[in-house]
Amino acid sequence: MTRDFLADLAGVLDAPGLLLPGQDLTRYEREWRGRYESRALAVARPADVAMLSALVECCLRHGVAMVPQGGNTGLVGGAVACGERRELLISLERLRAVRKLDSDSACLTVEAGCTLGATTRVAAAQGWRLPLALASGDSATIGGVLATNAGGNETIRFGNARHMVLGLEAVLADGSIWRGLSPLRKDNAGYDLAQLLVGSEGTLGIITAASLALKPLPRQREVAWLAVPSPASALAVLRRVRQAVGETITAFEVMPALAIEFALAHRPGARCPVDPQAPWHVLLDCDCAAAGQWLGEAVLECLEAECAAENVTDVVVAQSQAQADAFWQIRESISDAQKAGGVSLKHDISVPIAAIPGFIDQTLARLRDRVPGIRPCVFGHFGDGNLHFNLTQPREMAAEAFRAREEEINELVFSSVLAVGGSIAAEHGIGLLRKGWMAKSADPAALFAMQRIKRALDPLGLMNPGKVLEVDYYSSASAGDICD
Ligand SMILES: Cc1cc2nc3c(=O)[nH]c(=O)nc-3n(C[C@H](O)[C@H](O)[C@H](O)COP(=O)(O)OP(=O)(O)OC[C@H]3O[C@@H](n4cnc5c(N)ncnc54)[C@H](O)[C@@H]3O)c2cc1C
């Protein structure tokens, strides 16, 4: 059967479009965190949308499951081929044309395999901003970013990836091509299929291109690094800055002293702008498209007031673009830098902003009680409620012994998140990693509706099966749904 399928596949793809086992598939099969072993039936690299559509039809004829893949930077095992049946990896990397930049509509139409970084640079070269910033931007693709509804540093102001989507083009699970690209800001004609595909992690269809809304480039910018005594103080600062210059805050990142220690060890020569041992640090970035000098004065006025209120113990304002970049390099290196500390158990969570200080204090107290010596490195996008609740192994504990506590620690962290009305998956998605917790924690009515949508749009269960949701295709109830 496999031989028939591969022969049929070779007939619909061009020569560079098919990579077979025996060739080097490492780039496609390597999973970022090394948690899953991906072993694909083959890797297909269609050159255009028509070829992708023919490829999907070929998979349907043979009942072969498909795993769409972009830059393979996902952190939840969404792009790995490791299901019970052998699966075909479909890389979108050859669909990377920039189709159109329409300045009157402030809309950029780009293909799914274009990296986020390259897309951002194309927009900037013509005076526009695509306001999505991820440390993985030079590898992550537009298709992957939309399929995971990525967040990042600027979500506080611009929202996550779905807020940029005006229209999509996609190949659906029956091989049909949905041509939904559009610069329209208003279109209430029927269900919003684009928003259904955004965040669906490749389980409902394959995104091939997107129309993205652009913003003007900034003409004033103020970047400051603050030392603060506690998360409660960080919240007080956010409250004041938001009231004064709310529309201009592009990032409000919080980091503990341990994160700074990891980052400085990882980047020899890097210097923390304030005392690195300050218990907590804030990176504040504000900008505005209107020209003038007022933003700096307004931000400084807020920070002076917060120094007087003792919520800020030290401040350094970047004096140049290079200094602002150096601040950001420290922040962006934390994830990688943490590896030197040993095993880290990572949780990408969201909690209501008002609940953050109490949530951090109480959850860390319970964790320290349960796992003495545990080293919390809780950092991230405080301003939109998204924390990377990362926990590094105690110095005195062996890596294996710490790993063995993973389920117990996840239970403690996620139950605390749910107790304050938070989410177990803020920006990285569900994939394979959080599927069990999705089943346990999602609203039952929502879960039921999602399973029905999946069965309706992918009746044979061939689109990235086993990711996000467990869907029973074989029970009598589901068979009935398929016939409906
Ligand atoms: C260093 C680093 C920093 C990161 N920072 C952030 C961050 O700040 N914010 C954030 O949100 N994420 C972050 N991530 C996670 C990751 O970069 C994002 O999830 C990104 O959106 C994935 O894009 P990708 O092209 O690599 O997708 P992949 O990893 O290839 O795929 C991710 C998922 O999308 C599906 N998919 C991919 N392409 C398509 C397509 N064309 N159509 C349909 N489905 C598709 C896959 O099947 C899979 O389920 C980071 C990752 C790393 C390694």
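Into which domains is the protein divided? The protein comprises domain 1 (2-91), domain 2 (98-216), domain 3 (220-336), domain 4 (342-436) and domain 5 (442-483). The structure is a predicted model, with a mean pLDDT of 95 for the protein. Because domain 1 and domain 2 both contribute residues to the shell around the ligand, the ligand lies between them.

**Ligand shell**

- The ligand is surrounded by 34 residues, of which P68, G70, T73, S136 and T141 come nearest.
- Sorted by class, the shell around the ligand consists of 18 polar, 14 nonpolar and two charged residues.
- Three elements, β3 (65-69), α5 (142-147) and β10 (205-213), each provide at least two residues of the shell.
- Among the contributors to the shell, α5 gives the most, with four residues.

**Polar backbone atoms and burial of the ligand**

- A polar backbone atom of G70 lies 2.7 Å from an oxygen atom of the ligand; G70 is also one of the residues that come nearest to the ligand.
- For G151, the distance from a polar backbone atom to an oxygen atom of the ligand is 2.9 Å.
- For G144, a polar backbone atom is found 3.5 Å from an oxygen atom of the ligand.
- The ligand taken alone exposes 980 Å², and 94% of that area is buried by the protein.

**Domain arrangement**

- The shell around the ligand draws on domain 1 (2-91) as well as domain 2 (98-216), which means that the ligand is placed between these domains.
- Domain 1 also meets domain 4: nine residues of domain 1 are in contact with eight residues of domain 4.
- Taken over C-alpha atoms, the centres of domain 1 and domain 4 are 33 Å apart.

**Confidence of the model**

- A pLDDT of 70 or more is reached by 98% of the residues of the protein.
- Over residues 476-484, pLDDT stays under 50.
- For residues 476-484, the model has nine contacts beyond four places in sequence.
- Where pLDDT is low, predicted coordinates should not be read in detail.

Definitions and conventions. Residues numbered from 1 in each chain as written. Predicted model: local features only at pLDDT ≥ 70, side-chain atom pairs only at ≥ 80, totals over all residues. Heavy atoms only, no water. Near = heavy atom within 4 Å. Polar contact = N/O pair within 3.5 Å; in protein donor to acceptor, adjacent residues only side chain to side chain. Areas by Shrake-Rupley, 256 points an atom, 1.4 Å probe, with all protein chains shown as cover. Nonpolar A, V, L, I, M, F, W, Y, C, P; charged D, E, K, R; others polar. Domains from an automatic or database assignment. pLDDT = per-residue confidence, 0-100. Contact = heavy atoms within 4.5 Å.
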